[in-house]
Structures are given as structure tokens and as C-alpha cells.
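Biologist: Could you take one part of this model and go through it slowly with me, explaining each term as you go?

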Amino acid sequence: MKKFLSTNNSAAITVIRVILGIILFAHGSQKLLGWFGGYGFSGTMGFLTGAVHLPYILALFVIIIEFFGSLLLITGFATRFAAAAVIILFTGIILTSHIQNGFFMNWGGDQKGEGYEYHLLVLSIAVALLINGGGRFSADKAIAD
């Protein structure tokens with residue numbers, strides 16, 4: 001357990017962990033609570049199971065990972081677990097919804113949908129957290145020390 005929670009004293013890792021957690025919290029809050037213009041749990045489940053054709057359990061995991069995983073990242077508790085979940089989630093998002101639109105985001109509105117560059121950036125941050133742990137000021141560090 002200590003190895004799972006171990007981390008270095010990096011302030012940089014702390015910054016990327018907290019920022020990623022905040023970004024995912026906003027998206028998870030849209031999906032679960034309907035905050036920030038989101039559709040809430042029912043609307044999101046309807047979209048993910050209907051339009052995206054995800055099985056109910058996978059759609060539920062999308063919401064759980066984005067909302068509760070973001071809280072784990074913000075606090076730095078079970079950082080590696082949360083990072084691994086984000087890696088799985090965002091790999092799935094790229095492969096099921098964005099790879100066909102190419103790399104770039106749809107800034108000009110001339111693509112059929114959004115590219116995967118944002119998702120790849122989230123993946124790279126999550127990989128860094130998986131490797132390094134939660135960094136300075138994480139619950140993981142407080143528990144492991």
C-alpha cells in the first residue's frame with residue numbers, strides 16, 4: 001500500500017494534478033449534477049447509452065470517473081488509481097468519439113467533430129501522475145510519509 005501511495009515532493013506534479021482535477025470536476029459536474037450548463041445524470045446517461053451506444057455500466061463509469069476521479073485528483077488521494085481510471089476513460093473517448101475527426105480541435109467549425117488533441121493532453125498528464133504519484137501537498141504523501 002505504501003508503494004501505491006508513495007510520491008515525490010514535486011510542486012510541479014502537484015500543480016498538474018490539481019489543475020487536471022479542476023478541469024475534470026467541471027466536466028464531471030456537468031454530467032452528474034447538471035452544473036455549468038450540463039445535462040445532469042439522466043440527460044448524460046440518455047446521451048451516452050442512446051447516441052453513443054455505450055452499455056449502461058460503461059456510461060455510469062464515465063460519469064463516476066470524471067466526477068469522483070476529479071475529487072481524488074484534487075485532494076491527491078489514490079492519485080495513481082484516479083490517473084489509471086482517467087487513462088482508460090480518455091483512451092476510450094479518443095477511440096470511440098474523436099479519432100475519426102483527426103488530431104486538431106474544431107476551432108474553425110469546419111470539421112465534422114472535435115479532434116483528439118485535448119484528450120491526448122489529458123492522457124499525458126494522467127500518465128505523469130501514474131508514474132510520479134500525487135506530489136507535494138497530496139493526501140497520498142501525507143499517508144505514505
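Modeller: Let us begin with a loop residue, Thr7, where a polar atom of the side chain lies 2.6 Å from the backbone nitrogen of Gly135, and where the backbone nitrogen of Gly134 lies 3.2 Å from a polar atom of that side chain. Each is a polar contact, a pair of N or O atoms within 3.5 Å in which, within protein, one must be able to donate a hydrogen and the other to accept it, and residues adjacent in sequence count only if both atoms are side-chain atoms. This is a predicted model, in which local features need pLDDT of at least 70 and side-chain atom pairs count only at pLDDT 80 or more, while totals for chains, interfaces and linings use all residues. Residues are numbered from 1 along each chain as its sequence is written, and side-chain values use heavy atoms, with hydrogens and water left out.

Thr7 sits in the loop between α1 (2-5) and α2; helices (H or I, at least four residues) and strands (E, at least two) are DSSP runs, numbered from the N terminus. Not counting residues up to four places away in sequence, Thr7 touches Asn132, Gly133, Gly134, Gly135, Ser138 and Lys141, where contact means heavy atoms within 4.5 Å.

Following the chain onward, Ser10 caps the N-terminal end of α2, with a side-chain oxygen 3.2 Å from the backbone nitrogen of Ala12. Helix α2 covers residues 11-33, and its 23 residues, at 1.5 Å a residue, should span 33 Å, which agrees with the 31 Å between its end C-alpha atoms; the expected span is 1.5 Å times one less than the number of residues. After α2 comes Gly34, whose phi is positive, near 80°.

Within helix α2 lies Thr14, which is buried, with a relative accessible area of 9%; buried means under 20% relative accessible area, exposed over 50%, and partly exposed in between (1.4 Å probe, protein chains only). Leaving aside neighbours within four places in sequence, Thr14 is in contact with Gly134, Gly135, Arg136 and Phe137, and Gly134 and Gly135 are also among the residues that Thr7 touches. Other buried residues of α2 include Ile13, Arg17, Leu20, Gly21 and Leu24. What covers the buried residues of α2 includes α3 (40-50), α4 (56-75), α5 (79-98) and α6 (117-132). As a general rule, an α-helix has 3.6 residues a turn, so residues three or four places apart point the same way.
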